[in-house]
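This report walks through a two-chain model from its cores outward. Keep the structure open while reading.

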Amino acid sequence: MSNVTDAVLTVSSGSRRAELLRLFLQPIAAVVLVAAVLIWAFSQDLDAIEVVSLNRETLLDSTWQHVLITLAVTVLVVAVAIPLGVVLTRGWARRIAPIFVGIATIGQAAPAIGVVVLYFMWTEQEGLWAAAVPLAFVSLLPVLRNTMVGIQQIDPALVDAGRGIGMSAFTVLRRVELPLAVPLILAGLRTSLVLAVGTATLALFVNGGGLGFVIDSGYKVARTTVLLTGATLAVGLALMVDWLGALAERYLGPKGLR
Amino acid sequence: MPEQTSGVEIQLDGITKRYPGQRDPAVDSFTMTINPGETTIFVGPSGCGKTTTMRMINRLIEPTAGRITIGGDDALSLNADTLRRRIGYAIQQAGLFPHLTVAQNVGVVPGLLKWDKKKIADRVEEMLTLVGMDPGEFLDRFPRQLSGGQQQRVGVARALAADPPVLLMDEPFGAVDPITRGNLQDELMRLQSELRKTIVFVTHDFGEAVKLGDKIAVLGNQSRILQYDTPEAILANPADDTVAGFVGAGASLKQLTLQRVRDVELNTSVPTATEDETPASVRQRIEADGRTFALVLDGQGRPLRWVHKRQLGGGDSLVGIGSPVGDLVTVQSTLQDALEAILQEGGDAVVTGSRGEYVGTVQLDAVVGRIRELREEHS
């Protein structure tokens, strides 16, 4: 596997103990950070302009919309990148694989805001999905690439054994290749999700809502308190999503490999 | 043990494999009849096409030309997946699925054949027991929690789980240490003596081929059959220099591992005595025969001690006189064991029958004679 490690996005680092400690501390840190900034913000003397954004309802709404956008992006990424990755590892598709990986690489390399705006100019649609579709394109690559590498790194002897004892090609995919690729796919998904939480702040440009709205308001009306609160909530959300990803990697992978 | 399916005949008729872009075929018109219930070994140097040939039997590689029949059925007209579920398949390093437990691995093929759960569970336990593993201990383990030898046993159990008449084995014991390999080979021989499957076994180790094979096919480039015969015949008379080179040094010593003591003529002229005879009468008999030793037997005719005529003085019984018989061999022992006993004893090795009774002795001349006989037989 060593020859492909550079292409694989794994998030695991350090020893097992450090990883466990992180798993335990990360959500606490996220909650403490968000709580501290909220307490600080609401303890200020908020003026009329600040109160427009800094109230319970607006913040909850924005955060919820942000979560929805992230979920929509996740659904799109999973629905597109995993099947595409599987198809591109089939023998007959190997030649066209570089084309698709190339397109996905462009998606990741392009500035997210550019992709969002271009998509808007093309479709002239607004709202949650108008944001989710281009953002999914931007965060596609980690899952696509990890699905492909996850399947390619499986010992060919296992596929041979599967076929040799009478599994069909599809059964080998379903019962051998995909389960063994799950750890890498999850690692890719975790990276994609964290990307998605960050880029979802751009959804406001196409009326998609989200915490981008709070950040943008704070910037436009020159109120640091508002800007900081919005940004901190986005960071807290990213940390929580990353933590959920870590949990999934830890507990959803095949048991025999742990 | 419940009913088992025994082996069927496999006929390979002119099977050829050409890969696009290569001038010479990888396997060139291979024709062979593989006997039912026997272990047939494909042995040959790396890259000779022996694995390709074997993989065409279960169509992991589709032949470019030729006919394959398995138990009379045309293998090439069946659905390949259906065909493979009726052919056991075991490979080097076992190829167990690491995310499945031992039980799940062994139960894969019965599952594909849609057996019901209870029947699969029973079968899995039975198979593990068959390959010498305790189901209680191993059922729920994952492959990485097993040693190489244990993994290989599970691999064999998986291959046999749906009771296929044919078993293909591709260098299954190639990746384990020599001691474990020896044990696994013994185990396979024991299994095969019970199951009588048609086994096609690929190896590059001629010693392994001699040990396991009923028939050996020595293959050259493009899977050309250089010699296809019993191990005895190949050892006694290699078809050409290539085969002789492959058989290697020590062909006669390998031959000894295949021959049994019952195959040679035993020497029955050694005087025997029972313990209740008097030393004087025994001494008289030995001297009359012009010999120096006699063998003392117990009441059931089992060998006890050698006595030299000098040890036979007065007294009225043979109890406690003489020196115990050392290395014994039975009629089932290999000539290799017999030779060892001859060297240990410094002359005659005592041979016993199935109930431990004395049946004669085996001498160096008989061993040498048997090897000479085999050479003449197969020349």
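The largest nonpolar core of this predicted model has 134 residues. Those with the most contacts inside this core come from both chains: Val73(A), Ala131(A), Leu135(A) and Leu140(A) on one side, Met127(B), Ala157(B) and Leu168(B) on the other. Helix α9 (residues 169–199) of chain A supplies the largest share of the core, 13 residues. A second, separate core has 23 residues. Among them are Trp306(B), Val329(B), Leu335(B) and Ala341(B).

Take Leu168(B) as one example from the main core. Setting aside neighbours within four places in sequence, Leu168(B) is in contact with Met54(B), Ile57(B) and Asn58(B). Its other contacts are Ile87(B), Gly88(B), Tyr89(B) and Val200(B).

**Chain A**

Chain A has 11 helices and 0 strands. Its C-alpha trace spans about 75 × 50 × 25 Å along the principal axes. Of its 258 residues, 41% count as buried. Take the contacts in chain A between residues at least 6 apart in sequence: 79% of them join residues at least 24 apart.

**A helix pair in chain A**

How do α4(A) and α7(A) pack, by angle and axis distance? Helix α4 (residues 97–109) of chain A and helix α7 (residues 140–152) of chain A meet at an angle of about 150 degrees. Their axes lie 8 Å apart. An angle over 145 degrees counts as roughly antiparallel, and α4(A) and α7(A) are therefore roughly antiparallel to each other. Their crossing is left-handed.

From α4(A), the contact uses Val101(A), Ala104(A), Thr105(A), Gly107(A) and Gln108(A). From α7(A), it uses Leu140(A), Leu141(A), Leu144(A) and Arg145(A). The residues of this contact divide into 5 nonpolar, 3 polar and 1 charged. Leu140(A) thus appears in this contact and in the list of residues with the most contacts inside the largest core.

**Where the chains meet**

Between the chains, 16 residues of chain A are in contact with 20 residues of chain B. On the side of chain A, the elements that give two or more residues are α8 (156–164) and α9. Helix α8(A) gives the most, with 6 residues. This side of chain A divides into 10 nonpolar, 4 polar and 2 charged residues.

Which residues of α8(A) are buried? They are Leu158(A), Ala161(A), Gly162(A), Arg163(A) and Gly164(A). These buried residues pack against α9 of chain A, and also against α2 (80–85) and β6 (87–91) of chain B. Just after α8(A), Gly166(A) takes a positive phi of about 105 degrees.

**Positive phi in chain B**

Most residues other than glycine have a negative phi. Glu171(B) has a positive phi although it is not a glycine. Gln222(B) likewise has a positive phi and is not a glycine.

| Residue | Phi | Loop in chain B | C-beta neighbours |
|---|---|---|---|
| Glu171(B) | about 40 degrees | between β7 (166–170) and α8 (178–195) | 19 inside 10 Å |
| Gln222(B) | about 55 degrees | between β9 (215–219) and β10 (225–229) | 18 within 10 Å |

Are these two residues buried or partly exposed? A residue needs 20 or more such neighbours to count as buried. With 19 C-beta neighbours inside 10 Å, Glu171(B) therefore counts as partly exposed. Gln222(B), with 18 other C-beta atoms within 10 Å, is partly exposed as well.

Methods. Residues are numbered from 1 along each chain as its sequence is written. Chains are lettered from A and ligands numbered from 1 in the order in which they are written. This is a predicted model: local features need pLDDT of at least 70, side-chain atom pairs count only at pLDDT 80 or more; totals for chains, interfaces and linings use all residues. Axes are lines fitted to C-alpha atoms, for helices over the stretch in contact, and angles run from 0 to 180 degrees between N-to-C directions. Helices (H or I, at least four residues) and strands (E, at least two) are DSSP runs, numbered from the N terminus. Angles under 35 degrees count as roughly parallel, over 145 as roughly antiparallel, 65 to 115 as roughly perpendicular and the rest as oblique. A crossing is left-handed if the near helix is turned anticlockwise from the far one by less than a right angle, and right-handed if clockwise. Two residues are in contact if their C-beta atoms, placed from the backbone, lie within 7 Å. Ala, Val, Leu, Ile, Met, Phe, Trp, Tyr, Cys and Pro count as nonpolar, Asp, Glu, Lys and Arg as charged, and the others, Gly among them, as polar. A nonpolar core is a set of buried Ala, Val, Leu, Ile, Met, Phe, Trp, Tyr and Cys residues joined through C-beta atoms within 7 Å. A residue is buried if 20 or more other C-beta atoms lie within 10 Å of its own, exposed if 12 or fewer, and partly exposed in between; C-beta atoms are placed from the backbone.
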